[in-house]
Amino acid sequence: MSHMNKVRIIGSYLSPYVRKVLVCLSIKGIPYEIDPIIPFYGNEEFSKLSPLRRIPVFTDDKVTLCDSSVICQYLEDRYSSSNFVSIYPNDIVNRAKARWYEEYADTYIGNIFIWQYYNEVVIKPFVWKKKSDQIIVDRSLNIEIPKVLQYLEENVPKEGYMFDEKHATIADISITSFFRNLFIANAKFDVERYPFTFSYVNRILSLSYFQSLIPFEKISIASPISNHRTALAKGNAPISNETFGIDKPKPGAFSERPSS
């Protein structure tokens with residue numbers, strides 16, 4: 001399977017959408033190399049690969065793809081033999097439900113967790129050197145995020161994975177990838193009010209697929225953006241030989257939206 005060595009991901013380890021794809025690659029046992037750029041630091045060639053200047057971007061020997069959901073579906077379709085674990089439920093009804101949770105995570109949870117909260121407390125001050133809007137932060141913590149937590153509290157399994165599967169599927173991966181960013185941003189919640197949700201999230205995050213990414217996330221957090229590649233390479237991340245990165249941030253069509 002030499003073609004598997006040609007998989008490349010463009011995008012930061014701190015992006016929940018990149019994390020989602022990397023976990024799927026890990027579950028399927030597909031090796032990858034990564035150009036760990038933040039999308040605002042992409043050059044003109046990056047813009048050609050990702051017209052909306054979003055991450056992740058996926059390339060292999062056959063295709064270049066944007067959008068994490070498209071990438072994950074491609075991985076499932078291409079690596080679908082008995083040699084590869086399926087990242088979608090086998091049952092057609094549960095597979096449809098899993099796609100709903102993936103869409104709910106990518107759009108609704110992503111909008112609140114990333115575009116509202118994470119953007120204000122992490123992206124704006126560290127990328128754009130702007131002051132956080134405390135009104136948006138407070139509304140996220142006190143109104144919008146609790147809506148997500150309550151919905152999940154009523155729907156996540158009390159033990160195991162979604163749909164009684166024997167391993168994590170795209171539903172588990174998609175939902176949990178966003179919570180990791182909340183934890184990185186040190187968001188505080190009334191955990192006791194949502195015991196099933198946080199038990200579920202912590203259960204999924206404890207899996208080796210997520211745990212193996214945490215050292216690279218910590219390096220990315222601790223390093224200046226311009227030094228991510230060098231620091232990650234020293235930390236044994238599978239860094240690509242070439243980069244689409246530049247030294248200064250460049251606004252795009254969604255200049256403050258980090259991923260897709």
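**View 1. Four salt bridges cross the interface of domain 1 and domain 2.** A salt bridge here is a side-chain nitrogen of Lys or Arg within 4 Å of a carboxyl oxygen of Asp or Glu. The model is predicted: local features need pLDDT of at least 70, side-chain atom pairs count only at pLDDT 80 or more, and totals for chains, interfaces and linings use all residues. Residues are numbered from 1 along each chain as its sequence is written, and side-chain values use heavy atoms, without hydrogens and water.

**View 2. Glutamate 217 and arginine 180 form a salt bridge.** Their side chains meet at 2.6 Å, N to O. Between domain 1 and domain 2, 14 residue pairs are in polar contact, both residues at pLDDT 80 or more. A polar contact is a pair of N or O atoms within 3.5 Å; within protein, one must be able to donate a hydrogen and the other to accept it, and residues adjacent in sequence count only if both atoms are side-chain atoms.

**View 3. α1 gives the most residues to the side of domain 1 that touches domain 2.** Its share is seven residues. Elements giving two or more are α1 (16-28), α3 (68-78), α8 (208-211) and α9 (214-222). Helices are DSSP runs (H or I, at least four residues), numbered from the N terminus.

**View 4. Domain 1 (7-85 + 209-235) meets domain 2 (92-207).** These bounds come from an automatic or database domain assignment. Domain 1 puts 24 residues into the contact and domain 2 puts in 26, contact meaning heavy atoms within 4.5 Å. The C-alpha centres of the two domains lie 20 Å apart.
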